[in-house]
Amino acid sequence: MLGQETVKVPFLGAVVSVRGSVVDIRFDEHLPPIYSVLRAGGEGRIIIEVLAQLDARHVRGIALTPTQGLARGMAVEDTGGPLKAPVGKEVLSRMFDVFGNVIDREAALSDVQWRSVHRAPPPLARRSTKSEIFETGIKVIDVLMPLERGGKAGLFGGAGVGKTVLLTEMIHNMVGQHEGVSIFCGIGERCREGEELYRDMKAAGVLRNMVMVFGQMNEPPGARFRVGHAALTMAEYFRDDEHRDVLLLVDNIFRFIQAGMEVSGLMGQMPSRLGYQPTMGTELSRLEERIANTDTGAITSIQAVYVPADDFTDPAAVHTFSHLSASIVLSRKRASEGLFPAIDPLQSNSKMATPDIVGARHYGLAQEIRRTLAQYAELKDIIAMLGLEQLSREDRNVVARARRLERFLTQPFFTTKQFTGLEGKLVSLEDALDGCERILRDEFKDYQESALYMIGAIDEAKGKTKVGPPGAPAESDSKTEAKAAPDPAVKSTAKSTPESHPKSGTKPQPKVEHAADTHES
Ligand SMILES: Nc1ncnc2c1ncn2[C@@H]1O[C@H](COP(=O)(O)OP(=O)(O)OP(=O)(O)O)[C@@H](O)[C@H]1O
Ligand SMILES: [Mg+2]
């Protein structure tokens, strides 16, 4: 069958077979090397990347565009080079697809440099190792899992727990203050989200230091597989040629792994565990290792990571974990309780949380917060079975502190104002630490828990109502909590909502936990 194929023009190849996105092409004169980009169809609109050389005359490639209309025998042109991305100052404030075409309906780029998207990570000797904190203005992150300037942070979570919201909020908080360049890369997520982000950034006036690159879920796997490389190529230009700091935001890196899995399956490779491609580790590390710091500039990256079926032992999640300097884990349970951002502090961590980097006070407080929350988590079973009043007084105090901390660590976001009705809050690390310290010192034990819910700095709680007279003895307080008000969270939210946020009908409400359930049964 192959012998029947005729090549019409000597320096061109001819399509031998098309199976979905996978195309086999015969070249008689020369064989294009791996990663070469081939073009076929009218105006060369079908773009194919060579991924394998089958024998001396045939290559197998994956189409980065839809392959409708491609037929056996059609001519294929070797462009003589790999996939390229535009780099330079001109790309700022623009939106691109994987091929570097502008997709923001503005004028095309005139005079830009194009670079191969396949590049090596910086050599070890050029990497820098200084550790500096990157403040986000989000209390729970800055206090418990501080991000690293030039580090990689992952936002892990199952479907719909708030990854995109948290990432967008971080963009909102950081892009304005960050003097460097921000690059947003959308991989395999909704087109709508990309468009909304573009409009928001334009309205906020920060687009001029931003670039957006999209290969969303409507595009073929080849395009989703390469769009991350295209974005990184632009980021590397700013780091290496302009010596600027770059903030690289990716939503969602799991979709990159997934696209690799589709490509691998289409290429006929045998799948590995859970259907993932056998080359997942290599593919991911090729991309992640390029996100590095050199002594002239740093790429800080924040990546959303979708966790399939909330299973954190999924190979994709496990592989991604190993590349990160901070992992922020979003939990469905907290989201269902209305504790947004739904970060689970006990599962999240950051390598920056050491006394040498954050200082002794911050470290000590963070440890104390974790300890309190962990003790509360352990006590939850006992409370569910026996009730709060069976706990010792010290344990009841731990529970009270932990519940207040949990509520204080929620925060209204600028990006969720439309549906929470609450004005967004940016909180400095100092204010966040101060609030946590005062809660741990029981300064707010006479306040209703809800007074601490969805506020910014701790002083905002002062304006809200108290449960009992200030300075009431500890025992009477715990009685109040245990008996008189069996349902503190709900009751107090209901009471305080109308006064504090008259228009917030859709305000997320913290759900009652075990402590309250028991009293009802
Ligand atoms: N901080 C928050 N405050 C209030 N509501 C929130 C917050 N974060 C998330 N939500 C709610 O959760 C919904 C889903 O959030 P989001 O779209 O960020 O999830 P996701 O993890 O990106 O989901 P997917 O995996 O489907 O992309 C939001 O539409 C919003 O209603
Ligand atoms: Mg999302």
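How far is an oxygen atom of ligand 1 from a polar backbone atom of Gly160? It's 2.9 Å. Keep in mind that this is a predicted model, and let me stay with the ligand for a moment.

There are 15 residues around ligand 1, and Gly160, Lys163, Thr164, Val165 and Arg190 come nearest. Val165 also uses its backbone: an N or O atom there lies 2.8 Å from an oxygen atom of the ligand. With Glu189 we switch to the side chain, where a polar atom lies 3.3 Å from an oxygen atom of ligand 1.

Okay, on to the aromatics. A pair of rings gets described by the distance of the centres and the angle of the planes. This structure holds 6 such pairs, and I'll show you two.

Take Phe156 and Phe321: their ring centres are 4.0 Å apart and the planes sit at 10°, so we call this pair stacked. What I like here is that the pair links distant parts of the chain, with Phe156 in strand S12, residues 152–157, and Phe321 in helix H7, residues 315–321. That's 165 residues apart in sequence. Are the two rings' residues buried or exposed? Phe156 is buried, at 0% relative accessible area, whereas Phe321 is partly exposed, at 26%.

The other pair is Phe254 with Tyr306, and this one is edge-to-face, 5.3 Å centre to centre with 65° between the planes. Again, distant parts of the chain get linked: Phe254 belongs to helix H5, residues 253–266, and Tyr306 to strand S16, residues 299–306, which puts them 52 residues apart. Phe254 has 4% relative accessibility, so it counts as buried.

Tyr306 has another partner, by the way. Arg255 lies over the face of its ring, 4.8 Å from the ring centre. You'll find a similar arrangement elsewhere: the charged end of Lys139 sits over the ring of Phe408, 4.0 Å from the centre.

Last topic, the cores. In soluble globular proteins, nonpolar side chains tend to be buried together. Here the largest nonpolar core has 63 residues, and those with the most contacts inside it include Ile141, Leu147, Phe184 and Ile328. Helix H10, residues 360–386, gives the largest share of this core, 7 residues.

Have a look at Phe184 on the screen. Beyond its neighbours within four places in sequence, it is in contact with Leu167, Leu197, Met212, Phe214 and Asp251, among others. And apart from that core lies another one, of 56 residues, among them Val98, Val211, Phe238 and Met280.

Notes: Residues are numbered from 1 along each chain as its sequence is written. Chains are lettered from A and ligands numbered from 1 in the order in which they are written. This is a predicted model: local features need pLDDT of at least 70, side-chain atom pairs count only at pLDDT 80 or more; totals for chains, interfaces and linings use all residues. Side-chain values use heavy atoms; hydrogens and water are left out. Rings of Phe, Tyr and Trp (its six-membered ring) pair if their centres lie within 6.5 Å; planes under 30 degrees apart count as stacked, over 60 as edge-to-face and the rest as tilted. Helices (H or I, at least four residues) and strands (E, at least two) are DSSP runs, numbered from the N terminus. Buried means under 20% relative accessible area, exposed over 50%, partly exposed in between (1.4 Å probe, protein chains only). A charge sits over a ring if NZ of Lys or CZ of Arg is within 6 Å of the ring centre and within 35 degrees of the ring normal. A nonpolar core is a set of buried Ala, Val, Leu, Ile, Met, Phe, Trp, Tyr and Cys residues joined through side-chain atoms within 4.5 Å. Contact means heavy atoms within 4.5 Å. A residue is near a molecule or strand if one of its heavy atoms lies within 4 Å of it. A polar contact is a pair of N or O atoms within 3.5 Å; within protein, one must be able to donate a hydrogen and the other to accept it, and residues adjacent in sequence count only if both atoms are side-chain atoms.
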